[in-house]
Structures are given as structure tokens and as C-alpha cells.
Amino acid sequence: MNISSFYDPNSYPLHSLENEEILSKLIDAEGNINQSIRISGKQITKLKKVKRIKGSLLIIDSTIESLGSLEEVWGELRVNTYFLESKLNSLGNLNFVQNEVSLHYSKIRDLSVLRRVGGDLRLPKYLDGKIDKSILEVGGSIRFLNIKENSFNEKIWLKTIKYSKQIPFWQNQYISDTGFFKSSNSVLEKATNIQKEFYHFFKQNFLNGIFYDIEGNTNYLYLFYFEIMRDKSSLLEVHLENLRDYYYQYIGNFIDGAVLEQKLNLLKRSGSYEKAMNLELENAGFSVSDVVYYIRKIGLIKLTPQMLIKILWATTENYSKSKINKLLKLIEPEINKYENEIGSSFFLQFFDNDLNIISKDNKIDLDYYAKFFPDSFNYYVSIDTSNGVNSHLIDKAHLSHVFEKSIWFELKKILATATRQLLKMENPDEFIKQEKKKKRKLENEQFRKSKLYDCKEQKLVTLKEINSITGKKISMSIFKTKKSLYGRFILFDNKESNRVFNQWKTVVDEQTTKVYRFNLESFADFVGVDSKSVWGFFNGRQKMFHKRYKIISNE
């Protein structure tokens, strides 16, 4: 079985399932589901008669307890929770997953018979040290992640009315009026007459305050959502609240985002950009792009601890809520200390006087921003170059990676300092251990950057040049334990105190006037005598050797 050749994720549409009736329609005689599926809600508790899913299996906000007889998933396996706590504690007979596996929101006790994972494997932190990695074939990395406190928030949604007849089955689709998904109009046009009839029945009753259970057929919900968003009725906010309260298990988080977006747009249209920024910081993500947007709307803004945490979400997303709260208190003084050291507010250092990206010759000033990068600078320059990004393109869609990452790296410095402070407070022994490790790492990095000196040629050389001269692959670490390599190559910084350096002499052959560089052994080999015979000459007791060779320099 070739782990990389089975599954083309673009070949299978992703559908959402909320009840066993819909699920059963997708299972063929061999126990295969020939597409990706997403399971949500409380109605499906077990995968019955399913042996193989030829696509991804996403278990999102579902109380499913068992994978039944499932053996293979040809795409991704992911368990995630937003408002329903996962009850999945075993993988059962599952032994193969083509792509990545994300189980850190599940309650699994072990990996059962799972042996092959084509991508990354993410597991709950409590399984760290309890998994036998030697029997696993994992195509990516294995990570053990903490689940945030209150990572799920079970919401008791209001009860809907059961429809007296059978609701017309409508295979769920991703529907959107923007982006790459199918538009709501085109989906409705292709619906059957029975589906259209029930949609209009559902819609009219919803508008009259009567809410029917859709039994997992979410197309009816999303079509209605996009219709009321387009119409922009005066009752829009009421309709959104009813969608959220009665159908939260299907659309709640989506509606939460829509309500927030409505409020943000209203504040922005009224010019209340500072209030919009604070609302976004409290309830949504925040990025460097958002920093640029609000600076251009309200002028220079102050970096806050909450803003820093949001921008660095990729670093902090797996931190517990308790750790985040502790860090927020420690970050503020670190921001103040940082700003005192640079003599300005944090964001000002990345902009010119007109609050534009600092430029030179109508392009981003790479020399200026390079100082913020510990590494990877040329990589981000190449991305900007390929995208044709320069200082004039600073909207969200065309933000320079060099500019963005320069801010990101400086924010990481502040976060790292606060994190070390927290560790020092909570675990002093571990703090000391990490500080020693950090010191050793820094020393090793500095040592790897040490300059090397060729005593024979009297010049600086690179490790690559030494490898070429000696015909061997030499490691820098050899200079940690030896004063020299082959009695010729030494560290440049302490060469004056290195005995090997002082052993090399500049010698002239007065018969031919040729000048050479020798140490004692190489000179003895050159003139064809025992090294003891040239000891007096090399130590200044003999001015000439064989009335021909003379030392003209001891350096």
C-alpha cells in the first residue's frame, strides 16, 4: 500500500452529515464511503457498517462515541470541538490514515491498532510518553498538544418543531456567495421541485417565528442565511439571532462571525475605528494586516498584550487559558521596557513619518528591515519579489512579507522574555536548566561563526577551503578539542596565544631567494633530515641552516 498515492483531496467533495439516515445512503455494499464526510451533532453515535472512507473524515462538534468497523481513511482524520465535548475515546479497528491525524480534542486513551499515518500526528498531551512510536509509520511529525481550558462551550439551543412529513433529503454542500464555493443562487436553481417547495415552506415559517427541525439538511439553513444577508432586512439582526439560537449545532459559530462582522461594518461606516479595533481584539483574530489597516485609519496605535497574543496566534494557540492570562500580565511591563529601550512606541519603528512602509527608490527598504530578522530574511525577500510587492502595496491582500515578519520577529522577542519570566516564577529549576541550555546554544552558535586561520598561508580561511585543501570533510567542532588541525589550521581569535601559531616561521632560501612557510616538522621533511637536527635552527640558536636557509620572520 503506497502511502502517498491513494487520495486526491480535490476528487471528493466535502459533505456534512448530522443523522444516520443521511450517512447510510453513502455506504456501498463493500462498506466504502466514496467521498469525504463531516460528522456533526448528537444523532450519529457510531459509524455502522463503514470499513473504508475514500476521503477525509472530519468529526466536528459531534458526540460520536465509536468508529465502528472503520479500518482506513484515505484523506485526513480530524476531531475538533467548539461547543460540544468529544466523546470519542477509541479508534477501534482503524489502522491506516492517508493524510494528517488531529486527535488532540478527542478523549482517546491510545492509538488502538493505528499503524500508518501519511502526514502529521497530533495527540492529547496526556498521551505523551504512553505511545510506542517504534510501531508507527508517520509521514510527518508527532506532536502532543494541550487542550485549552473551556475549549468547548456546550450551548443548549432552543427546541425546534419536528416536521410532520419526511424532509426532502438534500446532500449537503459548501455554499457561499463569495470565494470558491457554490453560490446560493446556483444551488437553489439546481434543486428539485420538492426541495424548493420545502425551502420556501421552511423560510416562510422561519420569518413567522416558527422553526422546524431540518434533520441535518443544512443546505436549507445556509440558503436562507445568504438570502437574508443579501436582502438586508431591518429584521436582519433578529433573524441572525434566531438562526443562532435554534440551529446553533449547525450554523452557530458561522452566525457568531456574521453578527460580529455586521457590528464591525457598522462601526467602520460611522468612523468609529477605535471602537471597531477594540471589538475585533476582544472577539476575533488580529494580524499585522489589521495593525496596518487601523494605523492608516486612526494613526499610530499602541501595542497591547492582547494584541501581541492575537498576532502571534500560531505560537500561542496551544497555550492554556491560564497560561495566557498569566502571560498577559507579564507582557505589559516587557512592552514598556522594550519601548523605553528604542525610545519610541513599538509600531513607530516600522513606519516612516507619514506612517507608510519605509522605502528607498520607491521600493521597500530591505537594508532597514533586515536588522529585525534573526534568519530567513532572503526567503521572505524572494516571496515578495515573486509577488511583485513593494512599499506602495500595503493593503491586506498585498502586505510585504518582509515588513510583516519584521514586526512578527520583534513581537516574538517580547513574548519569549515574558515566557521566561513565567517559567522562572513557576518552575525555577526548569528555568535554570533552560537558561544553561540557551547559554550553551548561544556559545555553540558563536563558536560556529568563529574565524579560522591558515598558519602556512598566513590568511583567514573558511571551513570549505580547509576541506578542499585537506581533501577531507572537517567539522567545526574539532577546533573545540584541538588547538590545531594538522598543525596548520587554528582559530583566528586566539592565534597569538596559540603555540601552534608561533611554531610557523618564514624561511628564505638565500641561494634561490625563494621564500617559504614552515613549521619544524615540515622544514625537516623539506630538507630531508630528522626533526631533531633542525631544532636549534627553529629555536633561534642557529642563524643559518646548511649555510643556505635563514629565518626572516617568526610570524
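This report looks at two helix pairs, one pocket and one cavity in a predicted model.

**Two helix pairs**

A useful starting point is how helices pack. Two packed helices are described by the angle between their axes and the distance between the axes. The table sets out both pairs.

| Helix pair | Axes come within | Crossing angle | Citation |
|---|---|---|---|
| α11 (residues 321-342) and α14 | 8 Å | roughly 120 degrees | |
| α4 (residues 219-231) and α5 (residues 236-246) | 10 Å | roughly 165 degrees | |

Let us take α4 and α5 to begin with. Their axes cross at roughly 165 degrees, and angles over 145 degrees count as roughly antiparallel, so α4 and α5 are roughly antiparallel to each other. The crossing of α4 with α5 is left-handed. On the α4 side, Leu221, Phe224, Tyr225, Ile228 and Met229 make the contact, and they meet Leu236, His239, Leu240 and Leu243 of α5. By class, this contact has 8 nonpolar residues, 1 polar residue and no charged ones.

Now turn to α11 and α14. With a crossing angle of roughly 120 degrees, these two helices are therefore oblique to each other. Their crossing is right-handed. Among the α11 residues in the contact are Leu327, Leu330, Ile331 and Ile335, while α14 contributes residues including Ile414, Leu415, Ala418 and Leu422. Charged residues take part as well, including Lys323, Lys326 and Glu334 of α11 and Glu410 and Glu426 of α14. Overall, the contact of α11 with α14 divides into 10 nonpolar, 3 polar and 5 charged residues.

**The second largest pocket**

Helix α14 appears again here. The second largest pocket has a volume of about 910 Å³ and a lining of 22 residues. Which residues lie nearest its centre? They are Lys412, Ala416, Arg420, Lys438 and Lys441. Two elements give two or more residues to this lining, namely α14 (401-426) and α15 (428-448). Of the elements, α14 gives the most, with 9 residues. The lining as a whole has 9 nonpolar, 4 polar and 9 charged residues.

**The cavity**

How many cavities of 30 Å³ or more does the structure hold? There is 1. The largest cavity contains about 70 Å³ of space. Its lining is made up of Asn19, Glu21, Ile22, Lys25, Gln166, Ile167, Phe169, Glu215 and Asn217. These lining residues divide into 3 nonpolar, 3 polar and 3 charged.

Note on methods
Residues numbered from 1 in each chain as written. Predicted model: local features only at pLDDT ≥ 70, side-chain atom pairs only at ≥ 80, totals over all residues. Heavy atoms only, no water. 1 Å grid on protein atoms, 1.4 Å probe; cavity = no way out; pocket = protein on both sides within 12 Å on 5 of 7 lines; lining within 4 Å. Points joined across faces, edges and corners; volume = space filled by probe spheres on them. Helix = DSSP H or I, 4+ residues; strand = E, 2+ residues; numbered from the N terminus. Nonpolar A, V, L, I, M, F, W, Y, C, P; charged D, E, K, R; others polar. Axes fitted to C-alpha atoms, helices over the stretch in contact; angles between N-to-C directions. Parallel < 35°, antiparallel > 145°, perpendicular 65-115°, else oblique. Left-handed = near helix turned anticlockwise from the far one by under 90°. Contact = heavy atoms within 4.5 Å.
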